[in-house]
Amino acid sequence: MRVAVTRRIPEVGIRTLIDAGADVYIWPESFPPTREQLIAFAQGVDALLTLLTEHIDGALLDALPTVRVISNMAVGYDNIDVAACTERGVVVCTTPDVLTDTTADFAFALMLAVARQLKPATEAVLRGEWRTWEPLGFLGHDVSGATLGIVGFGRIGQAVARRARGFNMTVLYTDRDPQPAAEHETGAQYVSLDILLQQSDFVSLHVPLTPETRHLISAPELSMMKPTAVLINTARGPIVDTNALVRALQERQIWGAALDVTDPEPLPPNHPLLQCPNVLVTPHIASASEVTRARMAELAAQNILAVLRGEKPPRAVNWEDVRGQLQQHH
Ligand code: DGY
């Protein structure tokens with residue numbers, strides 16, 4: 001078993017592969033390999049352990065014909081052309097579940113931070129501007145008792161809804177279909193996207209990036225939001241139309257935004273979004289706790305080992321479609 005890992009990842013992931021007898025090749029740089037570098041680096045391997053920074057498509061797979069599994073260390077897999085993988089009998093695996101709570105915690109951290117102006121307040125302290133208690137200083141918005149709109153009621157969206165109960169929030173959600181069991185458990189109420197945007201004080205995005213969700217939040221949607229509302233994105237940057245968001249913030253159509261993901265990503269330091277009032281941008285770290293990143297690495301490794309042994313991997317997105325082709329291989 002030969003496995004190429006496209007960056008340094010938590011040790012447990014590498015150890016899991018080595019203990020199972022795999023030869024592991026780790027891309028040593030801090031930046032991801034370019035396409036050409038990846039093709040040269042991964043020649044002859046059976047598996048690729050990738051990150052969301054690698055773009056995996058048919059041409060890349062054709063240049064790496066020995067690869068049988070792409071194991072993405074992420075829950076999202078918009079960086080992978082799954083149809084192209086399936087066509088070539090390549091299994092695509094991901095790491096859901098293990099990062100749900102950590103990501104939901106972070107969505108809440110962003111919501112609280114923007115609502116209560118943590119960034120400008122701490123910056124003022126660092127500049128030596130904390131001179132007295134100010135009755136009108138850094139007035140924000142209450143999270144407690146507010147209305148939270150969750151766009152995408154999957155695992156992470158539901159975990160955010162569970163946290164919102166502790167803050168006594170009214171929770172609205174939208175998704176392709178209502179989810180009665182999850183509604184019952186979380187107390188959230190199914191509404192259309194328009195109603196959610198009109199009624200929510202905080203709108204938090206938890207949909208995957210697909211052709212349907214690209215620019216799901218654009219100028220018309222932003223104009224439906226309350227002038228006091230805050231947009232939170234811990235999903236994928238292109239779900240929001242960045243130019244429209246910049247305009248909405250500049251024109252004070254909404255009160256603020258907290259973004260862990262952006263488009264482009266990374267966001268250049270001179271980007272107009274960073275000059276907007278009440279914007280908090282973090283560098284795609286919602287799943288970044290020590291325990292969670294270790295679990296993601298371990299699950300990514302387990303996915304690879306299962307596929308290379310001809311077994312059903314713990315978490316694959318196209319297993320049913322490729323298992324036949326894979327069995328022929330074994
Ligand atoms: C994912 O898993 O898709 C995140 O964006 C990184 O944790």
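**Figure 1. Arginine 252 sits in the loop between α11 (242-250) and β11.** This close-up comes from a predicted model, as do the other views below. Most residues other than glycine have a negative phi. Arginine 252 is not a glycine, yet its phi is positive, at about 55 degrees. Is this residue buried or exposed? Arginine 252 counts as exposed because its relative accessibility is 58%, and the cut-off for that word is over 50%.

**Figure 2. Aspartate 97, in the loop between β5 (91-93) and α5, also has a positive phi.** Its phi is about 70 degrees, although aspartate 97 is not a glycine. With a relative accessible area of 38%, aspartate 97 is partly exposed.

**Figure 3. Two cis peptide bonds can be found in the loop between β11 (256-259) and β12.** Most peptide bonds are trans, which makes this view a good place to pause. One cis bond runs from aspartate 263 to proline 264, with omega near 10 degrees. Another joins glutamate 265 and proline 266, where omega is about 0 degrees. If you follow the chain in this view, look for proline 264 and then for proline 266, each in the loop between β11 and β12.

**Figure 4. Seven strands line up in an open sheet with parallel pairing.** Reading across the sheet, the order is β8-β7-β6-β9-β10-β11-β12. Which strands are at the edges? They are β8 (189-190) and β12 (279-281), and each of them pairs on one side only. Now focus on one pair: β6 (residues 147-151) and β7 (residues 170-174) are joined in the parallel sense over five bridges. Within this pair, leucine 148 stands opposite valine 171 in β7.

**Figure 5. Nine residues surround the ligand: Leu52, Ala74, Val75, Gly76, Leu99, Arg236, His284, Ser287 and Met296.** This shell is made up of five nonpolar residues, three polar ones and one charged one. Three contacts are worth finding in the view. A polar side-chain atom of serine 287 is 2.6 Å from an oxygen atom of the ligand. At valine 75, a polar backbone atom lies 2.7 Å from a ligand oxygen. Glycine 76 takes part through a backbone N or O atom, 2.8 Å from an oxygen atom of the ligand. How much of the ligand does the protein cover? On its own, the ligand has 230 Å² of accessible area, and the protein covers 90% of that.

**Figure 6. Cysteine 93 and cysteine 276 are both buried.** Cysteine 93 has a relative accessible area of 0%, while the value for cysteine 276 is 8%; each counts as buried because that word applies under 20%. Why does cysteine 93 not form a disulfide? The closest cysteine sulfur, in cysteine 85, is 10 Å from the sulfur of cysteine 93, so the two are too far apart for a bond. A disulfide needs two cysteine sulfur atoms within 2.5 Å. By this rule, the count of disulfides comes to zero.

**Figure 7. Alanine 109 belongs to helix α5 (residues 100-115).** With a relative accessibility of 37%, alanine 109 counts as partly exposed. Another residue to find here is alanine 258, 149 residues away from alanine 109 along the chain. In space, the C-alpha atoms of these two alanines are separated by 9.6 Å.

Terms used:
Residues numbered from 1 in each chain as written. Predicted model: local features only at pLDDT ≥ 70, side-chain atom pairs only at ≥ 80, totals over all residues. Heavy atoms only, no water. Helix = DSSP H or I, 4+ residues; strand = E, 2+ residues; numbered from the N terminus. Buried < 20%, exposed > 50% of the residue type's maximum accessible area, 1.4 Å probe, protein only. Near = heavy atom within 4 Å. Polar contact = N/O pair within 3.5 Å; in protein donor to acceptor, adjacent residues only side chain to side chain. Areas by Shrake-Rupley, 256 points an atom, 1.4 Å probe, with all protein chains shown as cover. Nonpolar A, V, L, I, M, F, W, Y, C, P; charged D, E, K, R; others polar. Pairing = 2+ DSSP bridges.
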